[in-house]
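Good morning, colleagues. Please take a moment to look at the sequence and the structure on the screen before I begin.

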Amino acid sequence: MRINIPTASSITRSNQTYRGIVDEYRPDLAYYESTYRDLHSNPELSRQEKRTSSIAANHLKTIGYCVHENIGGYGLIGVLKNGHGPTVLLRADMDALPVRENTGLDYASKKTMTDSNGTEVPVMHACGHDVHVSCLMGAARLLHAARSKWRGTLICLFQPAEEFVTGARAMVNDGLYSRFDIPKPDIVLGQHVFCIEKAGAVALSPGPVMAAADGLKIRVFGKGGHGSMPSLCIDPIVIASQIVVRLQTIVSRELQPGKMGVITCGKIQAGTAVNIIPDYADLELSIRSYDTRVQKQLLDAIERIVRAECNASRSPQDPVIENSAHTPVTVNDVDQTESLKTSFSDFFEDNASAMEPLPGSEDFSVLARAIKVPSIFWMLGGCDPIKWDEAERSGKIGEIPMNHSAEFAPAIEPTLRTGVDALAVAALTFLRLIASPA
Ligand SMILES: [Zn+2]
Ligand SMILES: [Zn+2]
């Protein structure tokens, strides 16, 4: 599907056009750098992004956007209607993680919060969502200042609870596309900072770029009793152990070589004492894939193996298998990505490259799938260029602290400037540009 962008006009969507607009209207980034430090020092857990969302909302209101808050939790949108043209949605996620920060930065988080289980936990922006919020605030100001240069509608969306992969769905279910007087977006755009890429760089590819994730909770049943008399019992710990081992054969023996699939048993729990055989055992699995056929193959194989192992061990009751989470694969629309790749290559030159698909997952694409429109998600480099070059020279790229690490520390610049520019260039690629007077 192609967005209907006027081509038979004197407007050339060239580097010169984007460079001119972005350089003329880019706001002073010192403000956004201090906003970033503030957000980084004050992270908030998923579904508790109250302060962050009010900072974003107030900023959008001050600039002149029409703001709608509390959508699907602390989600919000700022809308700028600017004449007849396509509607572009830019998305940033806002939540942080229960991680104790160990970066040693002077703006490091020392914060704790109460999580959904009632436990006090340390909180850190260990996935860089503070970068996303700051960049979208900056891009919102840039595109508002540059509004004489384009026509259409711009929606800046700040999403809660990405780390639970529930926030995008919560916003859609809470009437994101039906409750407000806004046109349906023609395209949904977003970015994610990663320290596996040098700051100043952007990476983009068509097709699948992040995996689908499924979560399964499984309970297998045995027959409890005295640990000294296993012959009178059915041991669910042995059943669960056989399942974990046998699951390893799905990717290695059943999946076509070269297809991407991951099955991880991240949690296994059973028993209360050393001399008691328990009645049941619980397993929790995380499953990743890039295409729906593989996803179905993995889920079917897991169920087959779980049931067969229970039968083989004379389990007295059928296992309970529950889907605990699902987020779809993030797929970049092929045609639109070609347009954006051209813009990025022209604008960022050698700093634009192809994006390797990642095994991590995102709920970003839910915002586009819900209304059946294309979406594009790109990678924003975050690693300090000097540290990157040193690591590359010494063969230690793999040791750079990754997202979700307690030592994850994107370089503020040139990351923020690149992220603001990338959002602005991407939006301008799909909005209707106005020719400058001759
Ligand atoms: Zn994350
Ligand atoms: Zn993230």
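I shall speak about a metal site and then about aromatic contacts.

Please bear in mind that this is a predicted model. I begin with the zinc ion (ligand 1), whose protein donors are Cys127 through SG, Glu163 through two OE entries, and His404 through NE2. These donors lie 2.0 to 2.7 Å from the ion. What arrangement do the 4 donor atoms make around the zinc ion (ligand 1)? The arrangement is irregular, because the angles run from 52 to 150°, whereas four donors count as tetrahedral if all angles lie between 85 and 135 degrees.

Along the chain, the donors follow the spacing C-x35-E-x240-H. Glu163 belongs to the loop between β6 and α5, and His404 to the loop between α10 and α11, so the pair ties together parts 241 residues apart in sequence. His404 is partly exposed, at 41% relative accessible area. Cys127 also coordinates the zinc ion (ligand 2), and the two ions are 3.1 Å apart.

I turn now to the aromatic contacts. The whole structure contains 6 aromatic pairs. In one of them, Phe344 and Phe348 have ring centres 5.5 Å apart and planes at 80°, so the pair is edge-to-face. Both residues lie in helix α8, 4 residues apart, about one turn of the helix. Phe344 is buried at 2%, and Phe348 is buried at 10%.

Phe344 also pairs edge-to-face with Trp378, at 5.3 Å centre to centre and 80° between the planes. Trp378 lies in strand β18, so this pair links parts 34 residues apart in sequence. Trp378 is buried, with 0% relative accessibility.

Phe344, Phe347, Phe348 and Trp378 form one aromatic cluster. Finally, the charged end of Arg19 sits over the ring of Phe347, 3.9 Å from its centre.

How values were computed: Residues are numbered from 1 along each chain as its sequence is written. Chains are lettered from A and ligands numbered from 1 in the order in which they are written. This is a predicted model: local features need pLDDT of at least 70, side-chain atom pairs count only at pLDDT 80 or more; totals for chains, interfaces and linings use all residues. Side-chain values use heavy atoms; hydrogens and water are left out. Donors are N, O and S atoms within 2.8 Å of the metal (3.2 Å for Na, K and Ca); water is not among the atoms, so sites may look incomplete. Four donors count as tetrahedral if all angles lie between 85 and 135 degrees; four count as square planar and six as octahedral if opposite donors are over 155 degrees apart and all others between 65 and 115; anything else is irregular. Helices (H or I, at least four residues) and strands (E, at least two) are DSSP runs, numbered from the N terminus. Buried means under 20% relative accessible area, exposed over 50%, partly exposed in between (1.4 Å probe, protein chains only). Rings of Phe, Tyr and Trp (its six-membered ring) pair if their centres lie within 6.5 Å; planes under 30 degrees apart count as stacked, over 60 as edge-to-face and the rest as tilted. A charge sits over a ring if NZ of Lys or CZ of Arg is within 6 Å of the ring centre and within 35 degrees of the ring normal.
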